[in-house]
Amino acid sequence: MSLQAAAFLYTVIGKDNYAEIIKNLCANRTISLFAEQSGETIRKQRVIEEDHGHYISREDFGESKLEAISQSTEKLLFESVDSAKIDALILSDYNKHLFRGEFGKKLISLANSKKIPVIVDPKPVNIDTFYGATVICPNIHEAQQITNYNGNIRELTKRLKEKTRSECVIITRGKEGLLIYDGSFHEIPTHAREVVDV
């Protein structure tokens, strides 16, 4: 890894050729993969205009067959995390049924008991499962949905921290950069660059 850290990826992948691609990508980047295999691997195909690099559209595959993870899958992933020697836990929620129910709460409780920081990129629909994480980092629109407030950005950040009971909140704001609140406010600007898909 470019940060010189050992990375472990815990997830669910399909029983198909795309799962093999994921396995090879992880192996080539020295990422230890712990994956339960079930159904079809979710895929996203982006269409980009060749001459100017303009992003046109995206097609998603495998979404219609998604199901919540089984109790056995949840148990396997939980025990894998529990037995690993990790310094931090990142929960990235794409609302693909991995964090439905109590799974996120169980992981955060486990990490808190071991004094391991938990960083969460949540989807608003699942926010209840991520209360008590060390850091919550939604984008500004997700933060507004979570708090049901779309006023002053600093007030929004305070409300988000209070609602999620997190030690620190980071709100990503696109071209306006990051706003961090851990009891004090910190702003990190962006630097302009040419991108196709932010």
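## Loops, sheet and pocket in a predicted model

Asparagine 139 sits in the loop between β7 and α4. Helices (H or I, at least four residues) and strands (E, at least two) are DSSP runs, numbered from the N terminus. This is a predicted model, in which local features need pLDDT of at least 70, side-chain atom pairs count only at pLDDT 80 or more, and totals for chains, interfaces and linings use all residues. Residues are numbered from 1 along each chain as its sequence is written, and side-chain values use heavy atoms, with hydrogens and water left out.

### The loop between β7 and α4

Asparagine 139 is partly exposed, at 27% relative accessible area. Three classes apply: buried is under 20% relative accessible area, exposed is over 50%, and partly exposed lies in between (1.4 Å probe, protein chains only). Leaving aside residues up to four places away in sequence, asparagine 139 touches Ile171 and Thr172. Contact here means heavy atoms within 4.5 Å. Threonine 41 is 98 residues from asparagine 139 along the chain, and their C-alpha atoms are separated by 26 Å.

Proline 138 is in the loop between β7 (135-136) and α4. Is proline 138 buried or exposed? Proline 138 is buried, because its relative accessible area is 0%. Its contacts, not counting residues up to four places away in sequence, are Asp121, Pro122, Ala143, Ile146, Leu160, Ile170, Ile171 and Thr172. Glutamate 67 is 71 residues from proline 138 in sequence and 24 Å away in space, C-alpha to C-alpha.

### The open sheet

Six strands form an open sheet with mixed pairing, in the order β5-β6-β7-β8-β9-β10. Two strands pair if DSSP finds at least two bridges between them. Strands of a sheet pair through backbone hydrogen bonds, either parallel or antiparallel. The edges are β5 (89-92) and β10 (185-188), each pairing on one side only.

β5 pairs with β6 (residues 118-121) in the parallel sense, over four bridges. Isoleucine 90 has isoleucine 119 of β6 as its bridge partner. Leucine 91 has valine 120, also in β6. Side chains alternate along β5. Leu89 and Leu91 point to one face and are buried, whereas Ile90 and Ser92 point to the other and are not.

Valine 120 belongs to β6. Valine 120 counts as buried because its relative accessible area is 0%. Beyond residues up to four places away in sequence, valine 120 touches Leu91, Phe130, Ala133, Val135, Ile136 and Cys137. Its C-alpha atom is separated by 8.5 Å from that of leucine 89, 31 residues apart along the chain.

Now the other edge. β9 (residues 178-181) and β10 pair in the antiparallel sense over four bridges. Leucine 178 stands opposite isoleucine 188 in β10. The hairpin of β9 and β10 has three residues between the strands, and glycine 183 takes a positive phi near 110 degrees there.

### Positive phi outside glycine

Most residues other than glycine have a negative phi, and most peptide bonds are trans. Threonine 30 and asparagine 148 each have a positive phi.

| Residue | Phi | Loop | Relative accessible area |
|---|---|---|---|
| Threonine 30 | about 50 degrees | between α1 (17-28) and β2 (31-37) | 58%, exposed |
| Asparagine 148 | near 55 degrees | between α4 (140-147) and α5 (153-164) | 72%, exposed |

### Cysteines

How many disulfides are there? The count comes to zero disulfides, a disulfide being a pair of cysteine sulfur atoms within 2.5 Å. For cysteine 168, the closest cysteine sulfur is in cysteine 137, at 9.0 Å, too far for a bond. Cysteine 168 is buried, with a relative accessible area of 14%. Cysteine 26 is also buried, at 6% relative accessibility.

### The second largest pocket

The second largest pocket has a volume of about 290 Å³. Of its 13 lining residues, Asp93, Tyr94, Asp121, Lys123 and Glu142 are the closest to its centre. A pocket is an open set of points on a 1 Å grid over the protein atoms alone, where a 1.4 Å probe fits, with protein on both sides within 12 Å along at least five of seven lines; lining residues have an atom within 4 Å of a point. Grid points are joined across faces, edges and corners, and a volume is the space filled by probe spheres set on the points.

The lining divides into four nonpolar, two polar and seven charged residues. Ala, Val, Leu, Ile, Met, Phe, Trp, Tyr, Cys and Pro count as nonpolar, Asp, Glu, Lys and Arg as charged, and the others, Gly among them, as polar.
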